[in-house]
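This report describes the fold of one protein chain. Please look at the sequence and the three-dimensional view before reading on.

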Amino acid sequence: MTSRRTARTTAARTLAASLAVPALLLTGCGASADEQRLEAFCEQVPDLLSDITDDVNAVYSDPQSAPDVLNEAVGKLEEVQPPADAEEVWGDLVSSWRAFTDLIESADLSDPSANTDLAEEATRLQGDLVSAGEAVDTFGQENC
């Protein structure tokens, strides 16, 4: 068993090293770190947002899963390192998602009628999410 674990660890280190070398080589190709972030942002964020939208839409069939799904989505959003020009709009989007997630976690998902006091805040947060999403979309249209 130990030899298998050692072999896996060695293989993982070899794979990590082989992936790190091209990254180091690419950084020396004249593109600044912020230009690289912009390129990665433009390539990866649309798919990420699409995946998150699909995951959140799936919550309608299993409302009890909402806190876990939303926390996972926010975690993915928080991992994104936007270019400097997108930091504010991206931060607004992440903050809006976090606030919405916190609201859902405070709700009684087993009894929707128990959450009427949350409706106004939910509506406000949905507006924030739309506004923040539109700002990120505008950034993408103008810069990607």
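The sections below treat the overall fold, the packing of the helices, selected residues and the two leading pockets.

## Overall fold

The structure is a predicted model. Its chain contains 5 helices and 0 strands. From start to end of the sequence, the elements follow the pattern α-α-α-α-α.

The chain has 144 residues, and 26% of them count as buried. A residue is called buried when its relative accessible area is under 20%, and exposed when that value is over 50%.

## Packing of the helices

Two packed helices are described by the angle between their axes and the distance between the axes. Consider α3 and α4: the angle between them is about 160 degrees, and their axes lie 9 Å apart. This angle makes α3 roughly antiparallel to α4, because angles over 145 degrees are placed in that class. The crossing of α3 past α4 is left-handed.

How do α4 and α5 compare in direction, parallel or antiparallel? Their axes come within 8 Å and cross at roughly 155 degrees, and α4 and α5 are therefore roughly antiparallel to each other. The crossing in which α4 passes α5 is left-handed. For α2 and α5, the axes come within 11 Å and the crossing angle is roughly 135 degrees. That value makes α2 oblique to α5. Here, too, α2 passes α5 in a left-handed crossing.

## Selected residues

Individual residues show how parts of the chain that are separated in sequence are placed in space. P67 belongs to helix α3. With a relative accessible area of 18%, P67 is buried. P67 and F100 are 33 residues apart along the chain, and their C-alpha atoms are separated by 9.9 Å. G91 is a residue of helix α4. Its relative accessibility is 28%, so G91 counts as partly exposed. Between G91 and L77, which are 14 residues apart in sequence, the C-alpha to C-alpha distance is 9.3 Å.

A107 is located in the loop between α4 and α5. Is A107 buried or exposed? At a relative accessibility of 18%, A107 counts as buried. The C-alpha atoms of A107 and L118 are 7.6 Å apart, and these two residues are separated by 11 residues along the chain. Q141, in contrast, is exposed, with a relative accessible area of 61%. Q141 is part of helix α5. In sequence, Q141 and C42 are 99 residues apart, while in space their C-alpha atoms are 9.5 Å apart.

## The largest pocket

The largest pocket holds about 830 Å³ of space. Its lining consists of 28 residues, and those nearest its centre are V56, Y60, F100, I104 and Q126. Four elements give two or more residues to this lining: α2 (33-58), α3 (66-79), α4 (87-106) and α5 (119-143). Which helix gives the most to the lining? The answer is α5, with 7 residues.

Sorted by class, the lining of the largest pocket has 22 nonpolar, 5 polar and 1 charged residues. F100, one of the residues nearest the centre of this pocket, is also the partner of P67 in the C-alpha distance of 9.9 Å given above.

## The second largest pocket

The second largest pocket holds about 380 Å³ of space. It is lined by 13 residues, of which Q36, R37, A40, F41 and Q44 are the closest to its centre. The helix that gives the most to this lining is α2, with 9 residues.

By class, the residues lining the second largest pocket are 7 nonpolar, 3 polar and 3 charged. Helix α2 also gives two or more residues to the lining of the largest pocket.

How values were computed. Residues are numbered from 1 along each chain as its sequence is written. This is a predicted model: local features need pLDDT of at least 70, side-chain atom pairs count only at pLDDT 80 or more; totals for chains, interfaces and linings use all residues. Side-chain values use heavy atoms; hydrogens and water are left out. On a 1 Å grid over the protein atoms alone, a cavity is a set of points where a 1.4 Å probe fits but cannot get out, and a pocket is an open set with protein on both sides within 12 Å along at least five of seven lines; lining residues have an atom within 4 Å of a point. Grid points are joined across faces, edges and corners, and a volume is the space filled by probe spheres set on the points. Ala, Val, Leu, Ile, Met, Phe, Trp, Tyr, Cys and Pro count as nonpolar, Asp, Glu, Lys and Arg as charged, and the others, Gly among them, as polar. Buried means under 20% relative accessible area, exposed over 50%, partly exposed in between (1.4 Å probe, protein chains only). Axes are lines fitted to C-alpha atoms, for helices over the stretch in contact, and angles run from 0 to 180 degrees between N-to-C directions. Angles under 35 degrees count as roughly parallel, over 145 as roughly antiparallel, 65 to 115 as roughly perpendicular and the rest as oblique. A crossing is left-handed if the near helix is turned anticlockwise from the far one by less than a right angle, and right-handed if clockwise.
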